[in-house]
Amino acid sequence: MLQHVSCDRDVLEQRWVFDLATQMFRYSADTSQCLDYMEDQESFSAEPCHDSLPGQQFGQQKLGIYCMNGREDLCVQEASLDFRF
């Protein structure tokens with residue numbers, strides 16, 4: 001089970017990479033683990049990656065915002081998105 005905490009770029013456990021080819025968020029320290037939404041527990045977890053699991057499939061909705069395919073109410077946002085003027 002993942003915890004909801006303040007973002008910290010220096011914390012390795014908070015680093016995920018979006019794999020555009022599979023539309024999955026892979027854990028940067030172990031790319032065999034993916035962000036997965038567990039319906040029965042109503043929370044995200046890190047689970048082994050499976051291309052066919054709908055809880056692991058995300059699509060970009062807006063710049064830096066990715067929602068589960070078919071669930072616009074379950075989204076994640078890039079913490080590293082910085083705007084510079």
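Let me begin with a definition: helices, as H or I runs of at least four residues, and strands, as E runs of at least two, are taken from DSSP and numbered from the N terminus. By that definition, the protein chain has seven strands and zero helices. I should also say at once that this is a predicted model.

Good morning, colleagues. I shall start with the chain as a whole. Following the sequence, one reads the pattern β-β-β-β-β-β-β. For 85 residues, a compact globule would have a radius of gyration near 12 Å, and the value of 13 Å for the protein chain agrees with that. Along the principal axes, the C-alpha atoms fill a box of roughly 40 × 25 × 25 Å. The protein chain exposes about 6100 Å², with carbon and sulfur atoms supplying 50% of that area. Of the 85 residues, 27% are buried. As for contacts between residues at least 6 apart in sequence, 26% of them join residues at least 24 apart.

I turn now to the sheets. Strands of a sheet pair through backbone hydrogen bonds, either parallel or antiparallel. One open sheet here consists of four strands in the order β1-β2-β3-β4, and its pairing is antiparallel. Its edges are β1, residues 16–19, and β4; each has a single partner strand, so one side of each is left without a neighbour in the sheet. On average, and with direction ignored, neighbouring strands of this sheet are turned by 40° against each other.

Within this sheet, how many bridges join β3 and β4? Strand β3, which covers residues 30–38, pairs with β4 in the antiparallel sense over six bridges. One contributing position is Gln33, whose bridge partner in β4 is Pro48.

Strand β4 spans residues 43–48 and includes Glu47. Is Glu47 buried or partly exposed? Its relative accessible area is 27%, and Glu47 is therefore partly exposed, since that class lies between 20% and 50%. If neighbours within four places in sequence are left aside, Glu47 is in contact with Ser32, Gln33, Cys34, Asp36, Met38 and Gln56. For Arg9, the C-alpha atom lies 22 Å from that of Glu47, and the two residues are 38 apart in sequence.

Two loops of this part of the chain deserve a comment on backbone geometry. Most residues other than glycine have a negative phi. Gln23, however, has a positive phi near 60°. Gln23 sits in the loop between β1 and β2, the latter being residues 24–27. With a relative accessible area of 32%, Gln23 is partly exposed. Glu42 also is not a glycine, and its phi is positive at about 50°. The loop that holds Glu42 is the one between β3 and β4. Glu42 is exposed, its relative accessible area being 64%.

The other sheet I wish to describe is an open one of three strands, ordered β5-β6-β7 and paired antiparallel. Here β5, residues 58–62, and β7, residues 71–77, stand at the edges with a single partner strand each, so one side of each has no neighbour in the sheet. The average turn between neighbouring strands of this sheet is 45°, direction ignored.

Its pairings are as follows. Strand β6, residues 65–68, pairs with β5 in the antiparallel sense over four bridges. Gly59 stands opposite Cys67 in β6. Between β6 and β7, which run antiparallel, there are four bridges. Which residue of β7 is the bridge partner of Ile65? That partner is Gln77. The hairpin of β6 and β7 has two residues between the strands, and in it Gly70 takes a positive phi near 85°.

Finally, the aromatic residues. A search of the whole structure finds seven aromatic pairs. One of them joins Phe18 and Phe25, with ring centres 4.9 Å apart and planes at 55°, a tilted arrangement. Phe25 has a relative accessible area of 8%; it is buried because this falls under 20%. Ring pairs link Phe18, Phe25, Tyr37, Phe44, Phe58 and Tyr66 into a cluster.

To close, the picture is of seven strands without helices, with β1-β2-β3-β4 forming one open antiparallel sheet and β5-β6-β7 forming another. Thank you for your attention.

Note on methods:
Residues are numbered from 1 along each chain as its sequence is written. This is a predicted model: local features need pLDDT of at least 70, side-chain atom pairs count only at pLDDT 80 or more; totals for chains, interfaces and linings use all residues. Side-chain values use heavy atoms; hydrogens and water are left out. Two strands pair if DSSP finds at least two bridges between them. Axes are lines fitted to C-alpha atoms, for helices over the stretch in contact, and angles run from 0 to 180 degrees between N-to-C directions. Rings of Phe, Tyr and Trp (its six-membered ring) pair if their centres lie within 6.5 Å; planes under 30 degrees apart count as stacked, over 60 as edge-to-face and the rest as tilted. Buried means under 20% relative accessible area, exposed over 50%, partly exposed in between (1.4 Å probe, protein chains only). The radius of gyration is taken over C-alpha atoms; the globule rule is 2.2 Å times the number of residues to the power 0.38. Contact means heavy atoms within 4.5 Å. Accessible areas come from the Shrake-Rupley method with a 1.4 Å probe; for residues, only the protein chains shown count as cover.
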